[in-house]
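I opened a notebook page for this chain and wrote down what I looked up, one topic at a time.

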Amino acid sequence: MDKIGNRSKGIILIIISAFGFAMMSAFVKLAGDLPSFQKTFFRNLVSCFVAMFFIIKHKQSFFGKRENQKILITRSAFGTLGIIFNFYAIDNLVLSDANMLNKLSPFLVIIFSALFLKEKINSRQLISIIIAFIGALFIIRPEFNMAVVPAMVGVLGAICAAAAYTCLRFLGGKEKHYTIVFYFSTFSLIVIAPFMIAVYKPMGIMQFMYLIFAGIFATVGQFGITLAYKYAPSKEISIFDYSNIIFSAIISFVIFGVLPDYMSIIGYVVIFGASLYMYLYNRKLDKKRA
């Protein structure tokens, strides 16, 4: 009964996380024509203060153990690039398109884990990866012109996010999640600050508030997904993270009056189908091992 309860908690938390990230994306888009560096800076500023509060409250380390520094820096670097690329895609694509391209990251984690953590890829995982990227092509619709650039940047964001998640897998339980979030947020603020100052655009009060709300909802998303995986393994609940696309499509229609076209919807179905296939396959494996 306790196991079922924990799984339910994990599902609820990952759905809350998905809603948090969808709202973050909406506020980033509402902030308007501001540089991605500027948006990323304010997004991470809020996360930094929230993580600092939890570190002080629980008396944890701010910057982690000495032996984990290389992985923490690598995770932070890829995480920062991932956010910058993702925000650029959000600004230049339909909201649900940008978020779905970012959801390629779980498939890319499989590849990176095989390359760097020596985890084996089986044939079913390989098929799922190929199918997911076919789905991405329906969203990207490659053409030899500049129109494809935002979608390709969105894919780059997914690649960087996958690299960051692979680092998190390596860290495992070696660092507290408060420490990892604080380290990443602080690293990002320091690295981005010079670029933000160089391209800074004056903001109105509403734009500033939108970015603060983006940071608040990003923090909800970040801590939500971290806590979700504390209650249940990713293979059991990661499928529910795709509720982000439903939230994004609704928000995109209600706030921006825009819906994805039929080609994008085909892409969503294909990518979601590949993820559902892997979810069901993992559950079947677990039953055989039980």
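Does Ile-216 count as buried, partly exposed or exposed, and what is its relative accessibility? I looked it up: Ile-216 has 37% relative accessibility, so it counts as partly exposed. A reminder to myself before going on: this is a predicted model.

**Entry 1: around Ile-216**

I found Ile-216 in helix α9. I also checked how far its C-alpha is from that of Ile-127: the two are 37 Å apart, with their positions 89 residues apart along the chain. Val-220 is in helix α9 too. Its relative accessible area is 34%, and since buried would need under 20% and exposed over 50%, I put Val-220 down as partly exposed.

Both residues turned up again when I looked for nonpolar patches on the surface. One patch of about 690 Å² is made by Ile-12, Ile-16, Ile-205, Phe-208, Met-209, Phe-213, Ile-216 and Val-220. Which helix gives the largest share? It is α9, with six residues. Helix α1 (2–30) and helix α9 (205–231) each put in at least two residues.

**Entry 2: salt bridges**

How many salt bridges does the count give? I got two.

The side chains of Lys-201 and Asp-33 form one of them, at 3.1 Å from N to O. Lys-201 sits in the loop between α8 (177–199) and α9, while Asp-33 sits in the loop between α1 and α2 (36–58), so this pair ties together parts that are 168 residues apart in sequence. I checked how covered the partners are. Asp-33 is exposed, with a relative accessible area of 62%. Lys-201 has 33% relative accessibility, so I noted it as partly exposed.

Lys-39 forms a salt bridge with Asp-91, and here the closest N and O atoms are 2.6 Å apart. This pair also links distant parts of the chain: Lys-39 is in helix α2 and Asp-91 in helix α3 (residues 69–92), 52 residues apart. Is Lys-39 buried or exposed? At 1% relative accessibility, Lys-39 counts as buried. Asp-91 comes out at 25%, so it goes down as partly exposed.

**Entry 3: cysteines**

I wanted to know about disulfides next. A disulfide is a covalent bond between the sulfur atoms of two cysteines. How many disulfides does the count give here? It gives zero. Cys-48 is in no disulfide, and the nearest cysteine sulfur, in Cys-167, is 20 Å away. Why is there no bond at Cys-167? Its closest cysteine sulfur belongs to Cys-160 and is 11 Å away, which is too far for a bond, because a disulfide needs the sulfurs within 2.5 Å.

I checked cover here as well. Cys-48 is buried at 8% relative accessibility, and Cys-167 is buried with a relative accessible area of 9%.

**Entry 4: Leu-72**

Leu-72 lies in helix α3. Its relative accessibility is 0%, so it counts as buried. I also looked at where Ala-164 is relative to Leu-72: their C-alpha atoms are 9.2 Å apart in space, although the two are 92 residues apart in sequence.

**Entry 5: two helices**

I picked α4 (residues 95–102) to see how covered a helix can be. How many of its eight residues are buried? Eight of the eight are, so I wrote "mostly covered" next to it. Those buried residues are Leu-95, Ser-96, Asp-97, Ala-98, Asn-99, Met-100, Leu-101 and Asn-102.

Then I went to α11 (residues 243–256), which has 14 residues. From its first C-alpha to its last it reaches 19 Å, close to the 20 Å expected at 1.5 Å a residue. Its buried residues include Ser-243, Asn-244, Ile-245 and Ser-248, and Ala-249, Ile-251 and Ser-252 are buried as well. What follows α11? It is Gly-257, and its phi is positive, near 65°.

**Entry 6: the record**

Last, I looked at UniProt. Its unreviewed entry places the feature "domain: EamA" at residues 9–140 and 152–278. I then looked at residues 9–140 in the model: the chain there is 81% helix and 0% strand. The C-alpha atoms at the two ends of that stretch are 35 Å apart.

Notes: Residues are numbered from 1 along each chain as its sequence is written. This is a predicted model: local features need pLDDT of at least 70, side-chain atom pairs count only at pLDDT 80 or more; totals for chains, interfaces and linings use all residues. Side-chain values use heavy atoms; hydrogens and water are left out. UniProt positions are given in the numbering used here, feature names are shortened, and annotations may be inferred rather than shown by experiment. Helices (H or I, at least four residues) and strands (E, at least two) are DSSP runs, numbered from the N terminus. The expected span of a helix is 1.5 Å times one less than its number of residues. Buried means under 20% relative accessible area, exposed over 50%, partly exposed in between (1.4 Å probe, protein chains only). Patches are made of residues with over 30% relative accessible area and no salt bridge: like charges are joined within 9 Å, nonpolar side chains (Val, Leu, Ile, Met, Phe, Trp, Tyr) within 5 Å. Accessible areas come from the Shrake-Rupley method with a 1.4 Å probe; for residues, only the protein chains shown count as cover. A salt bridge is a side-chain nitrogen of Lys or Arg within 4 Å of a carboxyl oxygen of Asp or Glu.
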